Amino acid sequence: MGLVVMGPKLALGPGSEKEARMSESNLADDVGSVVHHALETTHAIAVCPFHLDLTIRVGDDAAESHAFARARKLVKSDGTRWRCEVLQTEFGRQLRRAADRYCPHCALYAAKRPLS
Ligand SMILES: [Zn+2]
């Protein structure tokens, strides 16, 4: 997957990254936030410190599996958990949207291991 260099006004969807800063209880009810939080806390993705809207996929399979397991355990405020298919769809969406290993704006290197 090659890098796509985009302009500074990167057209992301309406604010799902900002919603990830919500409190834990609300977070569990929004699948986008659940997945983003799980990916971020397991370091499967990193947020560029200079471009806070931009997520970078680290490319660590173990971290992504760990993130998925973590998201599956999260209990919503109604006491239920997210369905596996719903989480898979959202994981796929967020990982596809994330930049691949580098921030395309400042070329910050996020990977823990070299490109192979
Ligand atoms: Zn950056």
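## Overall layout

Five helices and three strands make up the secondary structure of this chain. The model is a predicted one. Following the sequence from its start, the elements come in the order α-α-α-β-β-α-α-β.

Of the 116 residues in the chain, 28% are buried. Contacts between residues at least 6 apart in sequence can be sorted by their separation: 59% of them join residues at least 24 apart.

## The nonpolar core

In soluble globular proteins, nonpolar side chains tend to be buried together. In this chain, the largest nonpolar core holds 20 residues. Val34, Val35, Ile45, Ile56 and Ala71 have the most contacts inside this core. Two or more core residues come from each of α3, β1 (45–47), α4 and α5. Helix α3 gives the largest share, with five residues.

## Helix α5

Helix α5 covers residues 84–97, which is 14 residues. At 1.5 Å a residue, α5 should span 20 Å, and its end C-alpha atoms are indeed 20 Å apart, so the two values agree.

Which residues of α5 are buried? They are Leu87, Glu90, Phe91 and Gln94. These residues lie on the same side of α5, because they cover an arc of only 105° around the axis. An α-helix has 3.6 residues a turn, so residues three or four places apart point the same way. The other side of α5 carries the exposed residues Glu85, Gly92 and Arg96.

The partners of the buried side are two other helices: the buried residues of α5 pack against α3 (31–41) and α4 (61–73). Both α3 and α4 are also among the elements that give two or more residues to the largest nonpolar core.

Methods
Residues are numbered from 1 along each chain as its sequence is written. This is a predicted model: local features need pLDDT of at least 70, side-chain atom pairs count only at pLDDT 80 or more; totals for chains, interfaces and linings use all residues. Helices (H or I, at least four residues) and strands (E, at least two) are DSSP runs, numbered from the N terminus. The expected span of a helix is 1.5 Å times one less than its number of residues. A residue is buried if 20 or more other C-beta atoms lie within 10 Å of its own, exposed if 12 or fewer, and partly exposed in between; C-beta atoms are placed from the backbone. The arc is that of the directions from the helix axis to the C-beta atoms. Two residues are in contact if their C-beta atoms, placed from the backbone, lie within 7 Å. A nonpolar core is a set of buried Ala, Val, Leu, Ile, Met, Phe, Trp, Tyr and Cys residues joined through C-beta atoms within 7 Å.
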